[in-house]
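Reader: I would be grateful for a close look at one part of this structure, namely its aromatic side chains. Please continue from there to the packing of the neighbouring elements, and explain the reasoning at each step.

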Amino acid sequence: MPAPDSLTAELSQIVREAQAEKRLTSVSAAAVHDGEIVWTDAVGLADAESGEEATPDHQYRIASITKTVTAVGVMRLRDEGKLALDDTLDKHLPGAAHGPTVRSLLAHLSGLQREVPGDVWETLEMPTREELLPRLSEAERVLAPGSYFHYSNLAFALLGEVLAQVSGQPAERYLHEHVLGPLGMTRTTWTAEPPAAVGFLVHPYADLPRREPVIEGRAVAPAADLWSTPSDLCRWAAFIADPDPAVLAPETVEEMRSVQSMVDLTKWRLGYGLGFALYRVEDDLFVGHDGAHAGYLAHVSALPSKRTGAAVLTNEGAGVTISELGIRLSRAVAEAYPPVTEEWRPGEGPPPELEGVLGPWWQEGHRVVFSFRNGKLESVIPEARLDLGRSVYEREGEDLYRVAHGYERGELLRIVRDEGGVPVKLYLATYPVTREPQTSG
């Protein structure tokens, strides 16, 4: 179902105003709702030299949005038990210097310098895979690990090598076969395929676009080499919001969307998860990434609570804050659709072991209400000082449950019974939980 006419007009106006005011060679964009592309538009020239008009099917280099795809590949291997997030780099790449963990590389907390060693942004010659690891010792660790967010293309080049070593095939092939292909992202490729927009840099004081060179990523490809269209990126946004379990488990994508480091330390408007950027706009948290390369800027973001998203691409390497434009589009789409409400259906009753457990209990003066929903034991603290959400438990043994999702994740719940087998006390995260409020001790 296409977007409402009012939304279509608003989105097209945003794109056309940005193209005109910021003097962008072209802008191409799309929007998605509940897995369906609801709007596309393009304005300007895909090639300022030939006069070729931009269309929504033109590819643009999406640069660092590539990192999100690489991160999904790494997490897929984690879920298969082939690596762990706390593995150090040298476990999978013997002899690798510095020893950052996989998690720190994904979250830009490794402290490694931003770029690969050498003057690559003058020579425009990126290292080959064979050159990357031997030169890693030349790279600085500019910050202590875990101290601050520090963006690093080098980190994702190294993750690409981890992916290749663990999977047994080049990162590009693995990601095409296991991530991009299954999601139907046929217009997302590692080199440009026609029709593709040509990258330019418009002179700041004249209406003169200057063609930018196409830089081959080589070992840095897993950080920045993909090309795509707005519609394909909206398929990616749809996956971020509502993951396909055949590609990656939804709970793993939720883990990736959880904050690991904070970029904006004053207002907390920008954070970073495991490969995903997190954009806070008032009470909404958009998930996605920006991309910037010679002659190209890109943005994709999704609002999981509404299963909406947007993508915007331009073949101009400067002149606009791409995240601001992208979030403006993504927010407009989100505001046009109500939250997706799952239909309630009757389910199974609780197992006999939970008889006498459901209902209200008390912990440190707070009411804790246990229920059985969607086949799982859950609890909630209704009067908590913060919205802590629901804790969802998995059974671990007789009268033992562990919090699998939500508040107190990872902690143990133990059921204590009297001689007649009736539950009389619970212990959650070692705290006693009783049927009536009690003083401490």
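Author: When the whole structure is searched, four aromatic pairs are found. The model is a predicted one, and two of these pairs will be described here.

One of the pairs is formed by Phe149 and Tyr272. Their ring centres lie 5.6 Å apart and the ring planes stand at 50°, so the pair is classed as tilted. An angle under 30 degrees would have counted as stacked, and one over 60 as edge-to-face. The two partners come from distant parts of the chain, with their positions 123 residues apart. Phe149 belongs to the loop between helix 6 (129-132) and helix 7, whereas Tyr272 belongs to strand 9, which covers residues 270-272. Phe149 and Tyr272 are both buried.

A further aromatic pair consists of Trp236 and Phe239, and this one is stacked, with 5.1 Å from centre to centre and 20° between the planes. Trp236 and Phe239 are three residues apart in helix 10 (residues 230-241), so about one helical turn separates them. Trp236 and Phe239 are likewise both buried.

The loop that holds Phe149 is followed from here to helix 7 and its neighbours. Helix 2 (residues 66-79) packs against helix 7 (residues 153-167) at an angle of about 40°, and the two axes are 10 Å apart. Because of this angle, helix 2 is oblique to helix 7. Their crossing is left-handed. On the side of helix 2, the contact is made by Lys67, Thr70, Ala71, Gly73, Val74 and Leu77; on the side of helix 7, it is made by Asn153, Phe156, Leu159, Gly160, Leu163, Val166 and Ser167. Sorted by class, the residues in the contact of helix 2 with helix 7 are seven nonpolar, five polar and one charged.

Helix 7 also packs against helix 8 (residues 171-180), at an angle of about 75° and with the axes 8 Å apart. Helix 7 is therefore roughly perpendicular to helix 8, since angles of 65 to 115 degrees fall in that class. Here Gly160, Leu163, Ala164 and Ser167 of helix 7 meet Ala171, Tyr174 and Leu175 of helix 8. The contact of helix 7 with helix 8 comprises five nonpolar residues, two polar ones and no charged ones.

The remaining combination is helix 2 with helix 8. Helix 2 and helix 8 pack at about 80°, with 10 Å between their axes. This angle is why helix 2 is roughly perpendicular to helix 8. Helix 2 contributes Val69, Thr70, Val72, Gly73, Arg76 and Leu77 to the contact, while helix 8 contributes Tyr174, Leu175, His178, Val179 and Leu180. By class, the contact of helix 2 with helix 8 holds seven nonpolar, three polar and one charged residues.

Read together, the contact lists show how the three helices meet. Gly73 of helix 2 is listed in the contact with helix 7 and again in the contact with helix 8. Leu163 of helix 7 takes part in the contact with helix 2 and in the contact with helix 8. Tyr174 of helix 8 is listed in the contact with helix 7 and in the contact with helix 2.

Definitions and conventions. Residues numbered from 1 in each chain as written. Predicted model: local features only at pLDDT ≥ 70, side-chain atom pairs only at ≥ 80, totals over all residues. Heavy atoms only, no water. Axes fitted to C-alpha atoms, helices over the stretch in contact; angles between N-to-C directions. Helix = DSSP H or I, 4+ residues; strand = E, 2+ residues; numbered from the N terminus. Parallel < 35°, antiparallel > 145°, perpendicular 65-115°, else oblique. Left-handed = near helix turned anticlockwise from the far one by under 90°. Contact = heavy atoms within 4.5 Å. Nonpolar A, V, L, I, M, F, W, Y, C, P; charged D, E, K, R; others polar. Phe/Tyr/Trp six-rings, centres within 6.5 Å; stacked < 30°, edge-to-face > 60°. Buried < 20%, exposed > 50% of the residue type's maximum accessible area, 1.4 Å probe, protein only.
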